[in-house]
Amino acid sequence: MRIEPKNTVGGVVSVPGDKSISHRAVILGAIAHGVTEVHGFLRGEDNLATVACLRQLGVECAEDVEGGILRVQGVGLHGLKAPKDVLYCGNSATTMRLLCGLLAGQGFDSVLDGDKSLQKRPMERVVAPLRMMGAKIDSLDGFAPLKIHGRPLNGIHYQMPIHSAQVKSAILLAGLYAAGKTTVAELGKGLTRNHTENMLTYMQGDNGLVARKIEVAGDFSSAAFFVVLGILLADEGLTIKNVGLNPTRTGLLSALRSMGGHVETRHIKTTGSEAVGDIFVKKSNLNAITLSGKQIPLMVDEIPIFAVCALFAAGTTIIKDAQELAIKETNRLHAMAAELAKMGANITADHQGMIIHGGKPLHGATLSSHGDHRIAMSLAIAAMAAKTPSILKNAHWAAISFPNFFNVL
Ligand code: S3P
């Protein structure tokens, strides 16, 4: 795909529904009583993988594609059926890790597998705590495919050794099936996204989970590309409507504000269990900052697009403690440094962070998405802000989380 630079952008855009919340809505809807209506469900490839797996587990999911509604016919906590085939999670680690927690305590066996990228993502981080709960799970040295031998579980208290909402959520889902209490404590109180906790509370009935209408707002992680685009190029401002503003997700906004970015949130309200509002950004002069520690989990998916932004700041931006980025869909630290260097950027990456020297204009280049949706979209924004056109190879990976990204762009 050829991307032409722009001198300015502006207007009002919307982004599709939140990926994390859409996954949880299907999973919790499946084990609730009644029909959960998910409005604004994200039809990204990752979420469709979750729907396909739950259908194999005997859950009816009816899609009203035009209305953007998914109706999940809940089967109750103990109503899932043994799947006849392997549960294929595609590229989606959220699907695999959350379902691993859901399936560990069932009265049947199941197998989870995924694409080549997912087969390289670490699964020991969920398998180990689930084994502490009594689960029997076979893996290929800590990698998928995962063979789950469903059996009774016991509650545990788990002190998380890493920052991961997927691990936390897997343990909480298994905890629904465990005897006794399950508690999870987050590492050094650095919080990861809390959508599972919020939705469990929202759907909690007297006798298990009850179906409730879930309105999924725009995904903050998808809005992030337009937030940065606006900070770089929107002379008159750019508005992103109806975006999830859960504080465990919006670390990028805090980072941009501390760099001098013009960022406003407007019309904030609570829908269901989540804060939602509009984001207004305007072209700003930025100064470099250092990001580390508890700031990282609050913007774990936004580090690639943040790196693009930091190239336009005065001074040297340092990102530390971001080792989780090395084990995402690709090594996002190395992938971003390698691709942005092709555009003339002065940027280096190591196993846990990046050093970004800002202030040098970018030129166009032939770029690769590395088969990673967030790399594809981050590079597209860099290409828009460069001086000359770029070619982005394998841009179609954006569809994992943002199917109409290039139309909106
Ligand atoms: C997610 C949690 C994060 C995030 C991923 C989605 C979730 O992963 O990077 O895109 O929905 O729970 P980790 O929990 O592995 O950090």
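Student: In this predicted model, how do the residues of the shell around the ligand divide into nonpolar, polar and charged?

Tutor: Glycine is counted among the polar residues here, and Asp, Glu, Lys and Arg as charged. On that basis, the shell around the ligand divides into two nonpolar, five polar and six charged residues.

Student: Which element gives the most to the shell around the ligand?

Tutor: The elements that give two or more residues to this shell are α1 (19–30), α3 (93–104) and α5 (165–175). With three residues, the one that gives the most is α1.

Student: How far is an oxygen atom of the ligand from an N or O atom in the side chain of S20?

Tutor: S20 is one of the residues that come nearest among the 13 around the ligand, a group that also includes R24 and D301. A pair of N or O atoms counts as a polar contact within 3.5 Å. For the side chain of S20, the distance to an oxygen atom of the ligand is 2.7 Å.

Student: How much of the accessible area that the ligand has on its own does the protein cover?

Tutor: The space taken by the ligand is the largest pocket. Of the 380 Å² of accessible area that the ligand has on its own, the protein covers 95%.

Student: Why is the aromatic pair of F226 and F405 stacked, tilted or edge-to-face?

Tutor: The count comes to five aromatic pairs. Planes under 30 degrees apart count as stacked and over 60 as edge-to-face. The rings of F226 and F405 have their centres 5.7 Å apart and their planes at 50°, so this pair is tilted.

How values were computed
Residues are numbered from 1 along each chain as its sequence is written. This is a predicted model: local features need pLDDT of at least 70, side-chain atom pairs count only at pLDDT 80 or more; totals for chains, interfaces and linings use all residues. Side-chain values use heavy atoms; hydrogens and water are left out. A residue is near a molecule or strand if one of its heavy atoms lies within 4 Å of it. A polar contact is a pair of N or O atoms within 3.5 Å; within protein, one must be able to donate a hydrogen and the other to accept it, and residues adjacent in sequence count only if both atoms are side-chain atoms. Accessible areas come from the Shrake-Rupley method with a 1.4 Å probe; for residues, only the protein chains shown count as cover. On a 1 Å grid over the protein atoms alone, a cavity is a set of points where a 1.4 Å probe fits but cannot get out, and a pocket is an open set with protein on both sides within 12 Å along at least five of seven lines; lining residues have an atom within 4 Å of a point. A molecule sits in a cavity or pocket if more than half of its atoms lie within 2 Å of its grid points. Helices (H or I, at least four residues) and strands (E, at least two) are DSSP runs, numbered from the N terminus. Rings of Phe, Tyr and Trp (its six-membered ring) pair if their centres lie within 6.5 Å; planes under 30 degrees apart count as stacked, over 60 as edge-to-face and the rest as tilted.
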